[in-house]
Each structure stands twice: as structure tokens, then as C-alpha cells.
Amino acid sequence: MKKSDVPEPTVPQTLPREFSRGVKISSLILFLTLLGGSGWFFNAQKQLQRQSIEATLQSIAQLKAGQIAEWRNERLADAAVLASRNALTDSVQSYLSNPAALEISEIKRRLRPVMNRYHFVDVFIVNMQKEVKFAMISEAEPCPEHVSAIDAAFAAHHPIWTPLHTAAKRAFPHISIVTPLFSQKEENTPVGAVVLVADASQFLYPLIQSWPIPSDTAETLLVRKDGEDVLFLNELRHKKGTALTYRIPLSRIDLPAAMAIKGIKGIVQGRDYRGIDVIAAILPVPDSPWFMISKMDATEAFAEWRFRSVMIGLLFLGALALMAAGAFMLRQRNLKVHYRALYESEAALSQALNQHRITLKAIGDAVISTDAEGRVNLMNPVAETLTGWRQSEAHGRKLQEVYNYPQFLDRYLSYEI
């Protein structure tokens, strides 16, 4: 019999493994690139934010410490000029030895410009027994801080600052300059001292408490050592009524103020007097026992960085979503192409099988088709007649069970006859 011109069916192919592996590798590389880039940008932004905050805090601390040091040095220089005026010394010496209205008038004339120009709230004169003999405003007795400074000023032969303090008669925080007076006519014999009293609220505190940029938590602190404690000299932003009264033990190693007393300078991180995490810049105030601290809550310092981090996270998630959507669309497209090819292949195979089936049934010889395991899957009518098995009965049975040669031969011979 001539071979039938039946087209070979196309066997459907699964999705190419090479293509799938390539897509997965490319997606993984893109994901790792996005992840690494986001992480790098995240850390870079944090570092830039930290550097910006540290530079701001350091600049503010340097500015304020420099202004305070300059103010202290200028007032000391003014006091030194005052002490060098022999006319004032002579008037004070005359008045202390023999008080007279004329000398009082002369002393006031010389001291009032100094008091008004440099905003001193009071000026008074003490004798060698540290008794107040004349005062522009109040004749309160010298407090212990004044007494100590008077002794130091006479010993040093130049003006001396008192500590920043309060007193019974002067309850407001104030600081004074003790200016020793020496008689030039009597070989530098000490005559007495002029004490210039400055109200901290008029210059020092406003300077400390001002902040050059808007901030909800930032503040500057002026502190000094007081025994085994840190003494806060100015009013605290987040705790009222604290100037010269609020103390914290030096054992608080995480406290920036305690770090300052222990000699640490520069940028530090720790917890402030509220127990809040802060970033702080520490600087000693030159020529003083004071330390300047400018600080800001860490939450505010890194607020902008956290906002940027959220935006980076959202962008990263958006990129992942786009990648997932792209991969999903590509897979759907490939599956569509694959299933279409599968459908066309199945249709072609079904058509080819029908053609084979028709051809087999038209053959005059007996034809039995089996699978790889020898099970019958197709018989033509001649084979049904010669074997005695119908197609529906023989399907799936072993060939040896269906094809019995002696019976087949008998039926074949009679079929031929």
C-alpha cells in the first residue's frame, strides 16, 4: 500500500527554559541593583543629614562661646581702664577716709557713664574691710561670692569676675566684676574696690537662649562644675525655674553637660536632662569656668532624613511593583503564545489522527496499533474481524491477549475464502 500523505503533527513546546532563566536572572540583578542603590542612597542621605546638623550645632556653640568670651574680656578691659584712672582712685580714697558730699558727687560723675554704657545694674564701692561704703543703687552687703572675688582681685592686682550667682539682697542671677583700686601716690597701696554688677537676664541669658533657625527642641546651655554636680546656669527651655538651681550628678555619663565637665569637646550623642536622646556640640568658654552646649533632639535632627527614607522606601516599592507588573505581563504574554501554539498543535494532531484513522480503516489488511508498552490503542475493521475483538473491547489490553495467532490464522483463512 502506498504511504498516505498525512502531515506530521507539530509537537507543542513548553516555555523555553533558557528564556525563563534569563528573565529570572535579569529580574534578580535589577532587584539587587535597586536594593543596593536604595541602601547606598539611604546611608548617604543619613550621613549628609548628620554632617549638616553637626556643623550647625558646632557653629552655634562656637558663635555663642566666642560672644560670651568676648563680652567677658571687654568688660574686664573696661574695668581695668576704670582702675587705672588715678582721679577716681583719689576720689574713692578721699571719700573712704573722710566722707563728703563733694567726693560722692565726683564718684557718681565718674561711675554713671560706665554703668549706663555697659548696662550694669549697680555699682558699689567697698573698703578694705569689705564693707559697702557707697552704692549707686543698693547698699546691700557683699555676698560670699563678692568677698572671695575681692580677695582674689587684690592678690592678683587686676579685675576679677565673680561666679554667676544669686544673693539674698539681689535675688536675680547676676555676675560682677571686682575692680581693685591702688593708690599711685603711696606705692600701690590698696585703697578699696569698685564692684560692677551685671544682670544676666539683660545680656547673657538672651544670648544663650536665642537660636538662629526655627526649631522645636534645640537649645543652648551654659553649665559649670559645682562639687560633684553639673550646675545649669541659665533657664532651660523645657524646664522652668532652673537657672542656678538645677543640678545633675556628674555620674550621669550619658549627659552631654557631664561630658563637658569631664573635658570632652566636639560632637557627642547622649541623653539630656529630660532623658531624651540628643545630638550636642560641646565647647569650653575661653577664660571662664563655663561650658557651652548646643543640642537638639535626635528625633528632630533626623526628621528630614526619615522623611527622605520614607520617600526612598516608597520609590523602591514602586519600582518593585513596576518590575512585578512587567514580569506578570511578560509571563501572561508568553503563556498566551504558548497556549495558542498548544491549541494549534492539538488541532493539527487531532486532524492527523483522524486522517490516520480513516486511512487505517480503509486498508484491506488487518492493522493493530499499540503504544510503547504493547497495549492496543487502535484496530481497523479487518483486525476486529480476524481477532474477534472490537476496538472498544481491545483498547488498552495487551497485544498478546488480543492477537491469538491460531485463532487469527483460522479466521484469516476463512476470511480469505
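User: What makes L231 in β7 the residue to name beside R224, and how do you know that the strands that hold this hairpin are paired?

Analyst: In this predicted model, R224 has L231 of β7 as its bridge partner. Strands β6 (residues 219-226) and β7 (residues 229-232) share four bridges in the antiparallel sense, and because two strands count as paired when DSSP finds at least two bridges between them, β6 and β7 qualify. The strands themselves are DSSP runs of E of at least two residues, and helices are runs of H or I of at least four, both numbered from the N terminus. Two residues lie between the strands of this hairpin, where G227 takes a positive phi near 70°.

User: Which strand pairs with β7 besides β6, and which residue stands opposite V230 there?

Analyst: Strand β8 (residues 247-249) pairs with β7 in the antiparallel sense over three bridges, and I248 of β8 stands opposite V230.

User: Why are β2 and β3 described as edge strands?

Analyst: The open sheet has five strands in the order β2-β1-β5-β4-β3, with antiparallel pairing. Both β2 (132-135) and β3 (160-161) have a single partner strand, so each has one side without a neighbour in the sheet. For β3 the pairing with β4 (residues 174-183) is antiparallel over two bridges, and W161 stands opposite I177 in β4.

User: Is D199 buried or exposed, and how do you know?

Analyst: D199, which lies in strand β5 (residues 189-199), has a relative accessibility of 16%; buried means under 20% relative accessible area, exposed over 50% and partly exposed in between, with a 1.4 Å probe and protein chains only, so D199 counts as buried. Its contacts, meaning heavy atoms within 4.5 Å, include V121, F172, P173 and H174, leaving aside residues up to four places away in sequence. The C-alpha atoms of D199 and I175 are 6.7 Å apart, although 24 residues separate them along the chain.

User: What is E304 called by the same rule?

Analyst: E304, in helix α8 (residues 303-362), has a relative accessible area of 39%, and therefore it is partly exposed.

User: What makes a group of residues a nonpolar core, and which residues have the most contacts inside the largest one?

Analyst: Such a core is a set of buried Ala, Val, Leu, Ile, Met, Phe, Trp, Tyr and Cys residues joined through side-chain atoms within 4.5 Å. The largest has 54 residues, with I68, L111, L164, L204, L222 and W290 having the most contacts inside it, and helix α1 (residues 17-83) gives it the most, eleven residues. A second, separate core of 19 residues includes I248, A260, Y273 and I293. Among the residues that W290 touches are I68, L164, L204 and L222.

User: Why is a space called a cavity, and how many of 30 Å³ or more are there?

Analyst: On a 1 Å grid over the protein atoms alone, a cavity is a set of points where a 1.4 Å probe fits but cannot get out, and lining residues have an atom within 4 Å of a point. The count is one cavity of 30 Å³ or more, and about 40 Å³ of space lies in the largest cavity, a volume being the space filled by probe spheres set on the points, which are joined across faces, edges and corners. Its lining includes L221, F232, D272 and K295, and α6 (256-261) and β11 (291-297) each give two or more residues.

User: How do you know the chemical character of that lining?

Analyst: Ala, Val, Leu, Ile, Met, Phe, Trp, Tyr, Cys and Pro count as nonpolar, Asp, Glu, Lys and Arg as charged, and the others, Gly among them, as polar; the lining divides into seven nonpolar, no polar and two charged residues.

User: What limits apply to these values?

Analyst: Local features of this predicted model need pLDDT of at least 70 and side-chain atom pairs count only at pLDDT 80 or more, whereas totals for chains, interfaces and linings use all residues. Residues are numbered from 1 along each chain as its sequence is written, and side-chain values use heavy atoms, with hydrogens and water left out.

Note on methods
On a 1 Å grid over the protein atoms alone, a cavity is a set of points where a 1.4 Å probe fits but cannot get out, and a pocket is an open set with protein on both sides within 12 Å along at least five of seven lines; lining residues have an atom within 4 Å of a point.
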